[in-house]
Every structure is written in C-alpha cells, then in structure tokens.
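Here is a friendly walk through one structural model, with the cut-offs spelled out as they come up. Have the viewer ready and follow along.

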Amino acid sequence: MLVLGVSAVSAIALNRGESISAMWFITAALCIYAIAYRFYAAWIAATVLVIDETRATPAERLDNGRDFIPTNKWVVFGHHFAAIAGPGPLVGPTLAAQFGYLPGTLWILIGAVLGGAVQDMVTLFFSTRRNARSLGQMARDEIGPIGGAAALIGTFLIMIILIAVLGLVVVNAMKHSPWATSTVAATIPIAMIVGFYMRNFRPGRVLEASTLGVILLLLAVAGGGWIEHNESLRGLFDHEGLTLAWVIIAYGFAAAVMPVWLLLAPRDYLSTFVKLGTVTLLAVAIIILQPHIHMPALTQFTDGSGPIFGGKLFPFVFITIACGAISGFHALISSGTTPKLLANERDIRMIGYGAMLLESFVAIMAMIAATVLEPGVFFAINSPAGVVGKEAIDAVAKINSWGFAVSVEQMNQLAKDMGESSLFARTGGAPSLAVGMASIFGNAFGKSMLALWYHFAIMFEAIFILTTLDAGTRVGRFMLQDMLGNIWPKMGRTSWMPSVIFTSALVVAGWGYFLYIGVIDPNGGVNILWPLFGIANQMLAAIALCVATGILVKSGKSKYVWITGLPLVWLVIVTSTAAWQKIFSDDVRVGFLAAANDLAAKLAAGVLPPEKAAVAPQLIFNQQLDAYLTMFFVAVLWVVIIDMLYVTYKYMLGKPVLPITEVAREPSRLVES
Amino acid sequence: MLEKLKAFWRYVRRLTGDDAYEQYLKHFADNHTNQEGLAEEALIPLSREAFFKEWQDKKWKGIKRCC
C-alpha cells in the first residue's frame with residue numbers, strides 16, 4: 001500500500017510529459033486515505049482522544065425517538081456525508097486548476113488527512129462528550145464569551161457570502177441557456193409535487209416520493225432540450241445574468257418564508273439522491289475510461305497573473321480549495337447535528353474522519369473533470385470577459401498568447417455538442433465541470449448524448465446549490481431572529497410572521513447584494529466572491545481548531561496539541577496572508593483597495609467605456625466594502641486565537657480557567673461488556 | 001443473498017427516514033407504557049401525518065447542509 005501510494009504520488013508530482021492518466025490520481029488518493037485512516041486517525045482516536053466504547057453517548061442517554069436516536073454507523077455516515085458534501089468541493093478545485101493540476105491535488109490530499117478530517121473528527125468527539133453541543137456553545141463554554149460570539153458572527157457572515165457565490169455560479173450556468181434555465185426552473189414545481197406527495201397524499205413515504213421526483217427530474221433535463229429547440233418557448237427562458245439574479249433573489253426570499261415541507265425538504269431529498277448517484281457514476285466512469293489529464297502540472301499562473309482569479313499560488317490555492325481539504329463549515333455539522341445520532345464513540349473515526357476523506361475524494365474527481373479538458377478550452381470557458389475580451393476572436397487570441405491552443409471553431413463546435421449557444425466566459429466553475437463530466441460520461445456511456453449529459457450535470461449542480469441556498473437563508477434567518485430576540489423578544493419567535501418576513505428579507509438582501517454586484521462586475525464576480533468565501537470558511541475552521549486545541553490543553557493533553565495546532569498554525573498563516581494581500585496588494589487584480597482606487601482614477605479621468613462607467617461607483621463601493629469585510633474576518637480570527645492562547649497560558653501557570661464541560665461518564669447499556 | 005438485499009433495503013429506508021414513523025412507534029411503545037400519573041393523551045402516539053409534520057419541521061431548524 002505504502003509503496004503503491006508513494007509511486008502514485010511521485011508519478012503525479014514528477015510527470016512532466018504530455019499527459020498523465022487520471023488513474024494515478026485515484027490510486028494516490030486511495031492509498032493516502034487508507035494509510036492515514038488506518039494509522040493516523042486510529043492513533044488519534046485511541047491515544048489522543050481516548051475513545052471509550054463502553055461510554056454512553058448523548059444519543060443513548062438522551063434518546064427521545066426524535067432527534068436524539070442511537071443509529072447504525074453506516075446510516076450516520078450517510079447523513080453526515082450528505083450534510084457536509086455540497087457544491088464547494090466541486091467548484092473550488094475547478095477554479096484552482098488554473099495553477100495546474102499539481103498544487104490543488106496535493107493540497108486536497110494533504111489538507112484533508114492532516115487538517116480537514118482531523119478537525120471534523122475531534123469536533124465530533126468533543127461535541128459528543130458535551131451532550132451534542134454546537135461549536136458556538138462549546139467556544140463559549142470552553143474559551144469564553146468572545147470566542148462564542150466570534151463563532152456565531154463568523155457563521156452568519158460565511159452563510160451570506162456562500163449563498164451569494166453559489167447563486168452566482170447558478171446564474172452563470174443559466175445565462176442565455178434556455179435548456180439549463182428551464183431545467184433548473186422545473187426543479188421547483190417538481191420539488192413541490194414531491195412535497196405534496198409526502199405530506200398529504202402518502203405521508204412519510206419518503207422513498208416513493210423521491211423516486212417519483214428523480215424520474216421527473218430526468219424528464220425535465222430531456223424536456224429542456226425540447227424547449228431549447230422550440231422557437232416560441234425558448235425565448236421564455238433566455239435571459240441576461242441580471243434578470244436571472246433578480247429571479248434567484250425573489251426565489252430565495254419565497255423559499256425562506258414558505259413552509260419547509262413544500263419546497264426545502266423535498267428538494268433536499270432529490271438533491272441528495274442526485275448528488276450521491278452522480279458522484280458514484282463519475283467515479284465509475286473515471287475508472288472505466290481512465291481519461292488522460294491534459295492540464296500541465298504547473299502553469300505560468302502560479303505567479304499570480306491567472307485569469308480566473310488573481311493571486312499567487314501561495315496563499316491562494318489554499319483559500320480557493322477550502323471544502324475538499326479543510327472546511328470550517330463541517331464543524332457546524334460535526335457539532336450539534338451528527339453527535340445526536342452517534343450510537344457508540346468507536347464510530348467517531350469512521351464518521352468524522354472517514355466522511356471527510358470521501359469528500360476529499362469528490363474534490364479529486366472535480367479536479368480530474370477540470371483537468372481532462374484541453375487547457376485552452378478550460379481557460380476559454382472559465383476566463384471572464386473582463387480579462388480576455390468580449391469577442392470570441394479576442395478571447396482565443398489572448399488564450400493562445402498564453403501558450404494554450406484553442407480556436408473559435410473548436411469552441412463553437414463544443415458549444416453545439418453541449419447544446420449551448422456559447423461556452424466563452426462561463427465563469428463560476430459549473431459549466432466547465434459540466435463539460436468535463438459530459439465528456440467523461442459521453443466517452444464512457446455513449447457520445448451521442450453529450451448535450452443531455454451536459455445539462456444533467458448542470459441540473460445536478462444547480463439542484464443542490466439551490467438546496468444550500470434555501471437551507472442557508474433559513475438558517476441565517478433563525479440566527480438573526482435569535483440575535484434580535486435578545487433585543488426585542490418578540491422578534492425571536494420563529495413563527496411570528498412579521499419577524500419571519502423582516503429577518504428573511506434582511507438575510508436575502510445581504511446575499512442578494514453580493515450576488516447583484518457579482519453579476520454586474522465585468523470580471524465575473526467569482527474572482528472576488530470565491531476568495532472572500534474561502535477566507536471566511538478557513539477562518540471558521542481556524543476557530544473550530546482553536547476550540548479543539550484549547551480543550552486538548554485543558555484536558556491535560558498538551559503533548560498532543562500539535563494534531564490540531566499544526567493545521568491551525570497553517571490556516572492562520574494562509575488566511576492572514578491571503579487577507580493581507582486581498583486588502584493591501586498593489587496588484588489591482590488582487591487588492592480590493594488597489595482595485596477601488598484604480599477604478600476611481602479611471603472614472604475620474606473619463607477613460608472608462610460608458611457601460612463600465614455606469615456601474616463603476618457601485619463596484620468601487622463594493623471593493624471597499626470587501627476590504628473592510630476581510631479586515632473584520634481577520635480581526636475575528638485573531639481575537640479568538642489570542643483568547644485561546646490566553647486560556648492556555650493561564651492553564652499552564654495553574655491559574656483558574658473555565659472548567660472543562662465534559663459530561664460525566666455513564667456506562668453504555670448498548671454494548672455487551 | 002436475499003437476506004443481504006433485505007438488509008440493504010432496511011439500510012436505505014433508515015437512511016432516508018422512510019421508516020422514521022415505525023422507529024418512533026417502536027420508541028413510543030418501549031418508553032411510554034405503564035407509567036403511573038401520565039395523562040391519557042400521553043399514551044397515544046402521534047398519527048403518521050402529525051409525526052411526519054413535526055419531524056420535518058424540526059429537521060430544518062438547524063444547520064443541516066453545508067457548502
């Protein structure tokens with residue numbers, strides 16, 4: 001295993017030839033995961049955390065047959081994986097492929113086994129020992145009120161940025177594509193039909209309803225093709241990005257106010273089934289087909305001049321790929337949600353560590369799907385018009401000048417094959433991932449249906465992006481109601497309609513603003529929003545690792561503190577450097593303030609074309625706002641770190657600190673002794 | 001083979017929540033009987049419809065989906 005793993009990694013790392021088989025990626029990933037799981041994770045579980053199989057878990061002690069239920073470990077694994085794996089591990093690696101396949105792949109593998117999976121596992125463990133408390137509560141109980149507040153505000157802001165960037169990904173996938181737009185639109189009534197089915201027609205028959213829904217979804221993909229070719233209908237679904245953005249904003253508000261059974265819950269069933277099915281299919285297709293990677297190991301864009309987003313390899317590859325390597329968001333599922341189902345502590349390794357490895361594997365597959373494309377095609381799809389030019393001929397000339405071959409005819413033929421009018425400047429990662437997936441599926445299962453596969457892939461991404469959007473807006477609303485409830489108790493009542501409408505509108509306005517700016521930005525918006533999301537997500541991961549580190553020290557396990565301390569130090573370096581550059585860099589493609597000043601100077605000099613001058617004031621304001629937001633993220637991060645270090649310092653000197661809040665041991669009745 | 005398929009089917013039902021109501025009834029039967037001082041209503045489990053309603057509303061109160 002070790003030998004195979006080492007040789008696979010070196011094959012990937014040292015290959016400088018024409019192309020390399022994707023099988024090396026799969027082999028390297030599986031070997032690294034197996035070794036890490038068998039040795040590192042097992043060692044952490046046994047020696048550092050000291051898992052106690054005979055100790056009753058919260059699910060057993062507080063079993064109420066509803067949310068606390070001791071559950072079979074494979075079922076918990078399924079729930080946990082479905083919860084943590086969203087669109088993040090698909091989009092991040094696609095964008096980071098601009099540096100070449102190597103940096104992203106190495107970070108996904110190393111980041112997951114030493115960082116992300118450790119974070120998920122220790123958070124799951126500490127929450128399990130604390131009656132399934134949430135990360136925010138643990139931060140407050142173990143570190144102090146500042147840490148708790150930081151975790152809460154951090155979570156809320158991440159949610160806003162995440163929803164905005166995901167909304168932008170969907171908008172860019174639907175822009176001027178009647179097929180994609182009509183398919184995505186059809187998912188709404190389909191979800192409602194499923195909702196009615198399992199609420200009224202056959203209550204609780206989740207599987208029947210979901211099967212019906214998945215069949216309808218597949219019909220919707222095919223139906224979209226019919227609409228695309230129907231002259232009178234296609235106009236209904238052919239829209240500008242801005243129009244689609246407003247539709248998404250209106251939809252997000254409606255979804256947050258509507259009862260969950262009507263839209264959110266049924267859509268979640270569909271998206272979970274489609275997601276698990278498609279990811280499995282992709283893995284099977286890659287193994288059957290063994291496609292070759294065409295992207296070089298490293299591109300010249302490691303110097304920071306990349307078209308998809310500006311910034312050097314360090315630190316931006318570590319910011320761009322958050323989910324798939326380490327994602328702070330997971331700590332919110334690993335605490336509070338999953339521990340309520342855990343039947344035995346010995347399942348913690350498989351669920352906490354194992355599920356993250358599987359998510360990392362999804363990210364590897366996204367990396368493969370992005371890099372099997374010809375680099376010229378990859379850059380033509382993902383480079384915004386603001387960088388390569390609006391006209392196809394300019395874009396092709398620019399991409400050729402970077403040394404990547406692509407032609408206008410080739411792109412037109414590809415667009416035709418995929419059933420789209422154009423694939424130039426379709427930023428956000430979803431269209432290029434869909435092209436990659438369609439070519440893999442097409443080669444493995446028949447080429448005649450490329451356009452169907454493409455739109456299936458778009459539907460697959462859109463449906464669970466919209467689930468995240470619905471669920472995120474709703475959670476944001478609850479958090480806001482909770483906060484406002486401290487000031488005016490009536491606002492805290494989750495069923496009081498005026499409060500529901502007011503707080504939903506606030507949350508939607510928050511992400512709607514960033515979505516709007518992202519759409520009107522000629523550079524595509526993704527280049528601003530995705531790094532912001534990455535910084536925020538890594539900040540949350542650092543907070544989770546701070547909490548875990550603090551607890552390890554207070555439990556008298558200082559000698560093992562490096563298992564969370566090392567990834568923490570790395571994240572702090574990466575996040576702080578990235579934030580510093582995003583705020584203060586002189587490069588207008590990296591620094592928010594530099595970009596704002598540059599645009600302001602150009603506006604004042606009157607050198608901007610009229611359509612750009614019209615939106616310039618908004619873009620200037622937005623760049624400044626983003627700079628302050630980034631400063632705020634870093635400030636929150638450092639406050640939590642200093643707070644944690646202070647607690648550690650006091651503990652080391654033997655001074656009083658907040659007591660450890662681990663619940664006393666009770667023997668489990670579920671295991672035979 | 002048939003046993004394995006059956007086990008797989010049980011697993012799928014459990015994972016999706018298809019059998020949530022059956023689980024609830026089982027839990028109820030184990031925990032809510034022969035207890036003195038309980039009101040009459042407390043001994044009657046929720047209907048399938050009411051249970052599902054509550055189960056679903058409760059499920060989406062917290063953070064259930066990630067990035």
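On H26(A), the face turned away from the buried side carries the exposed residues Ala601(A), Ala604(A) and Ala605(A). Here a residue is buried if 20 or more other C-beta atoms lie within 10 Å of its own, exposed if 12 or fewer, and partly exposed in between, with C-beta atoms placed from the backbone. Helices are DSSP runs (H or I, at least four residues) and strands are E runs of at least two, numbered from the N terminus.

Before going further, please note that this is a predicted model, in which local features need pLDDT of at least 70 and side-chain atom pairs count only at pLDDT 80 or more, while totals for chains, interfaces and linings use all residues. Residues are numbered from 1 along each chain as its sequence is written, and chains are lettered from A and ligands numbered from 1 in the order in which they are written.

Back to H26(A): the buried residues there are Phe592(A), Ala595(A), Ala596(A) and Leu599(A). They line one face of the helix, because their directions fall within an arc of 100 degrees when seen down the axis of H26(A); the arc is that of the directions from the helix axis to the C-beta atoms. An α-helix has 3.6 residues a turn, so residues three or four places apart point the same way. The buried residues of H26(A) pack against helix H25 (562-584) and H27 of chain A. What span should the 14 residues of H26(A), residues 592-605, have at 1.5 Å a residue? The expected value is 20 Å, and the end C-alpha atoms are 20 Å apart, which agrees; the expected span is 1.5 Å times one less than the number of residues. Just after H26(A) comes Gly606(A), whose phi is positive, near 70 degrees.

Farther along chain A, Pro667(A) lies in the segment after helix H27 (610-652). Is Pro667(A) buried or exposed? Pro667(A) is exposed, with 11 other C-beta atoms within 10 Å. Apart from neighbours within four places in sequence, Pro667(A) is in contact (C-beta atoms, placed from the backbone, within 7 Å) with Thr54(A), Arg55(A) and Ala56(A). Between Pro667(A) and Ala250(A) there are 52 Å in space, C-alpha to C-alpha, and 417 residues in sequence.

Some backbone details of chain A deserve a look. The peptide bond from Phe314(A) to Pro315(A) is cis, with omega near 5 degrees, and Pro315(A) has its place in helix H14 (residues 313-320). Two residues other than glycine with positive phi are set out below.

| Residue | Phi | Loop in chain A | C-beta neighbours inside 10 Å |
|---|---|---|---|
| His176(A) | near 50 degrees | between H8 (145-174) and H9 (178-201) | 16, partly exposed |
| Ala425(A) | about 55 degrees | between H20 (408-417) and H21 (430-445) | 24, buried |

Now for chain B. Its secondary structure comes to three helices and zero strands, in the pattern α-α-α along the sequence. Of its 67 residues, 22% count as buried. The axes of helix H2 (residues 20-31) and helix H3 (residues 48-59) of chain B come within 10 Å and cross at roughly 105 degrees. Axes are lines fitted to C-alpha atoms, for helices over the stretch in contact, and angles run from 0 to 180 degrees between N-to-C directions. H2(B) and H3(B) are therefore roughly perpendicular to each other; angles of 65 to 115 degrees count as such, under 35 as roughly parallel, over 145 as roughly antiparallel and the rest as oblique. Ala20(B), Tyr21(B) and Tyr24(B) of H2(B) meet Arg48(B), Phe51(B), Phe52(B) and Trp55(B) of H3(B) in this contact. By class, the contact has six nonpolar, no polar and one charged residues. Ala, Val, Leu, Ile, Met, Phe, Trp, Tyr, Cys and Pro count as nonpolar, Asp, Glu, Lys and Arg as charged, and the others, Gly among them, as polar.

Finally, the two chains together. The contact takes 38 residues from chain A and 28 residues from chain B. On the side of chain A, helices H4 (73-84), H10 (206-228), H13 (264-289), H15 (330-334) and H22 (450-485) each supply at least two residues. H22(A) gives the most, with six residues. That side of chain A has 20 nonpolar, 14 polar and four charged residues. Within H15 of chain A sits Ile333(A), which is buried, with 27 other C-beta atoms within 10 Å. Leaving aside neighbours within four places in sequence, Ile333(A) is in contact with His80(A), Ala83(A), Ile84(A), Thr338(A), Ile63(B) and Cys66(B).

Notes
Two residues are in contact if their C-beta atoms, placed from the backbone, lie within 7 Å.
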